[in-house]
Amino acid sequence: MIKNSIYVLLVLAVISVFSGAKGNDGGGTIPAPKRLLVIGDSLTNGLYATAEQNTFVSIVSKNTDMPTARRAAATLKDAVPLWMNLKAWQPDVVVIELGINDVNGRQWNARWKKSYQTLVEDIQATGAKVVVCTTFWIGIDDQNPIYALHVGLNNDVRDIAQRTGATLADLWAATEGCADCVSTPDVVSYFSPHYHGDNMHPSDIGHAVIARVITDAINGVGASGTTRKTYYMPFVANGE
């Protein structure tokens with residue numbers, strides 16, 4: 001009889017643990033792991049990391065211990081309808097890593113800023129925390145014609161973070177001038193069809209830096225990654 005009673009108690013204990021009924025301290029239900037969604041461009045896809053585990057998305061997922069999904073969106077225009085289809089997944093944290101292709105495609109303008117802020121606010125309305133990223137430094141100096149565009153777009157992202165209360169992950173501030181952060185042609189990406197580095201996309205080191213800044217933003221360490229540096233729009237002569 002005593003043996004039978006002990007057996008029943010053990011079975012009930014096992015059911016309690018695996019059903020998530022109560023925590024060990026009796027303080028309520030065992031919380032489900034939070035979900036992380038990363039919406040971004042080819043950097044989010046993993047270019048030009050040499051292995052999946054070296055991509056910033058994989059590193060952030062490991063750092064935060066959150067089930068993670070990543071979905072590719074080349075530009076903000078692509079990200080807006082994509083998010084509408086992803087709402088049902090109910091992510092707890094959404095990272096937005098966009099802007100490089102918007103600059104290259106000359107899609108950044110006042111309407112872009114308004115659409116970006118609307119996207120952030122729509123995600124926040126679901127209760128999710130939003131982390132907005134400035135663009136990764138793509139190996140250009142201030143003499144490059146698109147440098148000023150990156151500075152302008154990134155200033156808009158910083159302003160939107162302040163306006164909406166989204167958390168800023170300042171990738172530009174963390175990577176500008178970091179030559180080792182940029183991939184080189186001697187590096188082969190794991191991502192099919194195994195492109196070589198292009199002196200623009202991040203290397204393994206670049207992905208690691210991106211992951212650190214985003215992880216800090218998610219965890220609230222410094223809240224905005226690196227915000228000590230102030231950027232100003234360079235003067236661009238008419239016609240340039």
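**Helix faces and a buried strand**

Student: Why are A110, R111 and K114 of α6 called exposed?

Tutor: This is a predicted model. Exposed takes over 50% relative accessible area. A110, R111 and K114 meet that cut-off, on the other side of α6 from its buried residues.

Student: Which residues of α6 are buried?

Tutor: W112, Y116, Q117, L119, V120 and I123. Buried means under 20% relative accessible area.

Student: How do you know that the buried residues line one face of α6?

Tutor: Look down the helix axis. The buried residues of α6 fall within an arc of 155 degrees, so they share one face. They pack against α4, β3, α5, β4 and α7.

Student: What makes N109 a cap for α6?

Tutor: A side-chain oxygen of N109 lies 3.0 Å from the backbone nitrogen of R111. A polar contact needs N or O atoms within 3.5 Å. The pair passes, and N109 caps the N-terminal end.

Student: How do you know that the span of α9 agrees with its length?

Tutor: Use 1.5 Å times one less than the number of residues. For the 16 residues of α9, the expected span is 22 Å; the end C-alpha atoms are 22 Å apart, so the two agree. Just after α9, G220 takes a positive phi of about 80 degrees.

Student: Why is β1 called largely enclosed?

Tutor: Five of its five residues are buried, so the rest of the structure largely encloses β1. L36, V38 and G40 point one way, L37 and I39 the other.

Student: What makes β1 and β2 a pair?

Tutor: Pairing takes at least two bridges. Five join β1 to β2, and the strands run parallel. L37 has A69 as its bridge partner in β2.

Conventions:
Residues are numbered from 1 along each chain as its sequence is written. This is a predicted model: local features need pLDDT of at least 70, side-chain atom pairs count only at pLDDT 80 or more; totals for chains, interfaces and linings use all residues. Side-chain values use heavy atoms; hydrogens and water are left out. Helices (H or I, at least four residues) and strands (E, at least two) are DSSP runs, numbered from the N terminus. Buried means under 20% relative accessible area, exposed over 50%, partly exposed in between (1.4 Å probe, protein chains only). The arc is that of the directions from the helix axis to the C-beta atoms. Contact means heavy atoms within 4.5 Å. A polar contact is a pair of N or O atoms within 3.5 Å; within protein, one must be able to donate a hydrogen and the other to accept it, and residues adjacent in sequence count only if both atoms are side-chain atoms.
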